[in-house]
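Trainee: Please take a close look at the pocket for me, and then place the rest of the model around it. I am new to this, so go one step at a time.

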Amino acid sequence: MSSLILALDFGGTKLSAAVTADSQTWLAHERHFSQPGATAVDDFRQMLTLAHKLLNGRSPQAVGVSFGGPVDFERGLVRLSHHVPGWENTPLRDWLTAEFNAPVWVDNDANVAALGEWRYGAGQGVDDLLYVTVSTGVGGGWVLNGRIWRGHEGMAGEIGHTVVAPDGPLCLCGKRGCVERMASGPYMAQDLAAAWGEEKRPFTKPVTGKRVAAEAAGGDPTAQRILLRGANALGLGLGNATNLINPARIILGGGVTKAGDLWWEELRRTVRATILPEVSVSLHPAQLGDDAPLWGAVALITAV
Ligand SMILES: [Zn+2]
């Protein structure tokens, strides 16, 4: 019987697949951009083509899947994608079971990445952790007692839409002062562009999250203020979550975590100032990078 595990990652703009026999190294691994304007069916077909290419005629013993959007884990159902149309209430687990004639597990990318970092990355050696990705959005996943904690409706880990400034700016979710509204790359970029516009400062290149960090590192006071406000908002959210659940570690991934020492120092300072004196937690950069969902998909199978 085959001992191959197939790991699939349906990201917002990228489709990744990998095959492993020992859960330590990839036998084959590829990442592709999904086609512009692709629908759920297009992405599913492109992923199958990629998977069969990597399997090269072999059959997987099991399939683990990371999906970039809310998932009903028990039913193996994708609820929707925020990036790709047509995923609403899709029985992805059943589709893949029929295709590969093997057991399949599907969960959302934040939960899967949390499990991946716990098993193979920066979360090794502890029982309880919060994984948070800070990039175009702010998402999170819990591993508690060595298992993913999904919550009543599979929505646990939404640290990005916890409110840290009720009188703050309006978030896409309709509330004010969410962590994501202040700490995500696109929102920090939007706020910097607006502030520069108000100061009548000429700027030619579009402002991105990466540029906010670069300008802050270069000494621009407005960029520093916005970057530090983001770190402070995230630190408040993480500190509150730590007081509530008491994880041993918080693992942070995503592009904004590359913003440099200024950002990390403010984040750590705010977390320390927010948690109770009796509470301790350590903050670590994620180790698995873009492969966290794929390794987490492997861990999803071996955790069962
Ligand atoms: Zn929000």
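Mentor: One term is needed before the start: a residue counts as buried when its relative accessible area is under 20%, as exposed when it is over 50%, and as partly exposed in between. Keep in mind also that this is a predicted model.

Now the pocket. The largest pocket holds about 1,700 Å³ of space. Its lining is made by 50 residues, and those nearest the centre are Asp109, Thr133, Ser135, Thr136 and Gly137. Sorted by class, the lining has 24 polar residues, 17 nonpolar ones and 9 charged ones.

Where does the largest pocket lie with respect to the domains? It lies between domain 1 (5-115 + 290-302) and domain 2 (124-286), because both of them give residues to the lining. Several helices and strands take part. The helices that each supply at least two lining residues are H3 (109-120), H5 (185-198) and H9 (292-302). The strands that do so are S2 (14-20), S8 (129-134), S9 (138-144) and S11 (249-253). Helix H3 gives the largest share, with 4 residues.

Helix H9 deserves a second look, since it is among the elements that line the pocket. Of its 11 residues, 10 are buried, so H9 is largely enclosed by the rest of the structure. The buried residues are Ala292, Pro293, Leu294, Trp295, Gly296, Ala297, Val298, Ala299, Leu300 and Ile301.

Strand S2 is also among the lining elements, and the loop that joins S2 to strand S3 (28-33) contains Ser23. The backbone of Ser23 stands out: its phi is positive, about 60°, although the residue is not a glycine. For comparison, most residues other than glycine have a negative phi. How accessible is Ser23? Its relative accessibility is 14%, which is under the 20% limit, so Ser23 counts as buried. Asn89 also has a positive phi without being a glycine, with a value near 50°. Asn89 sits in the loop between strand S6 (77-78) and helix H2 (92-100). Its relative accessibility is 55%, over the 50% limit, and therefore Asn89 counts as exposed.

A pocket is open, whereas a cavity is a space from which the probe cannot get out. The count of cavities of 30 Å³ or more is 1. The largest cavity has a volume of about 40 Å³. Around it are Phe10, Gly11, Gly12, Asp43, Phe67, Gly68, Ser81, Val84 and Trp87. This lining divides into 4 nonpolar, 4 polar and 1 charged residues.

Val84, one of the residues lining the cavity, leads on to Asp42. The C-alpha atoms of Asp42 and Val84 are 9.8 Å apart, although 42 residues separate the two along the chain. Asp42 belongs to helix H1 (residues 40-55) and is partly exposed, at a relative accessible area of 37%. After H1, in the loop that runs to strand S4 (62-67), comes Pro60. Pro60 has a relative accessibility of 8% and so counts as buried. Between the C-alpha atoms of Pro60 and Ala102 there are 6.8 Å, and along the chain 42 residues.

The last stop is the zinc ion. Its donors are His161 (ND1), Cys171 (SG), Cys173 (SG) and Cys178 (SG), at 2.0 to 2.4 Å. Along the chain they follow the spacing H-x9-C-x1-C-x4-C. What makes the arrangement tetrahedral? The angles that the 4 donor atoms subtend run from 102 to 120°, and four donors count as tetrahedral if all angles lie between 85 and 135 degrees.

The donors are not equally accessible: Cys171 is buried at 4%, while Cys173 is partly exposed at 36%. Leu172 is exposed, with a relative accessible area of 62%. Its place is the loop between strand S10 (147-149) and helix H4 (179-183). From Leu172 to Pro85, 87 residues apart along the chain, the distance between C-alpha atoms is 19 Å.

To return to your request, the part to remember is a pocket between two domains, with H3 as the element that gives the largest share of its lining.

Terms used:
Residues numbered from 1 in each chain as written. Predicted model: local features only at pLDDT ≥ 70, side-chain atom pairs only at ≥ 80, totals over all residues. Heavy atoms only, no water. 1 Å grid on protein atoms, 1.4 Å probe; cavity = no way out; pocket = protein on both sides within 12 Å on 5 of 7 lines; lining within 4 Å. Points joined across faces, edges and corners; volume = space filled by probe spheres on them. Nonpolar A, V, L, I, M, F, W, Y, C, P; charged D, E, K, R; others polar. Domains from an automatic or database assignment. Donors = N, O, S within 2.8 Å, 3.2 Å for Na, K, Ca; no water. Tetrahedral: all angles 85-135°; square planar, octahedral: opposite > 155°, others 65-115°. Buried < 20%, exposed > 50% of the residue type's maximum accessible area, 1.4 Å probe, protein only.
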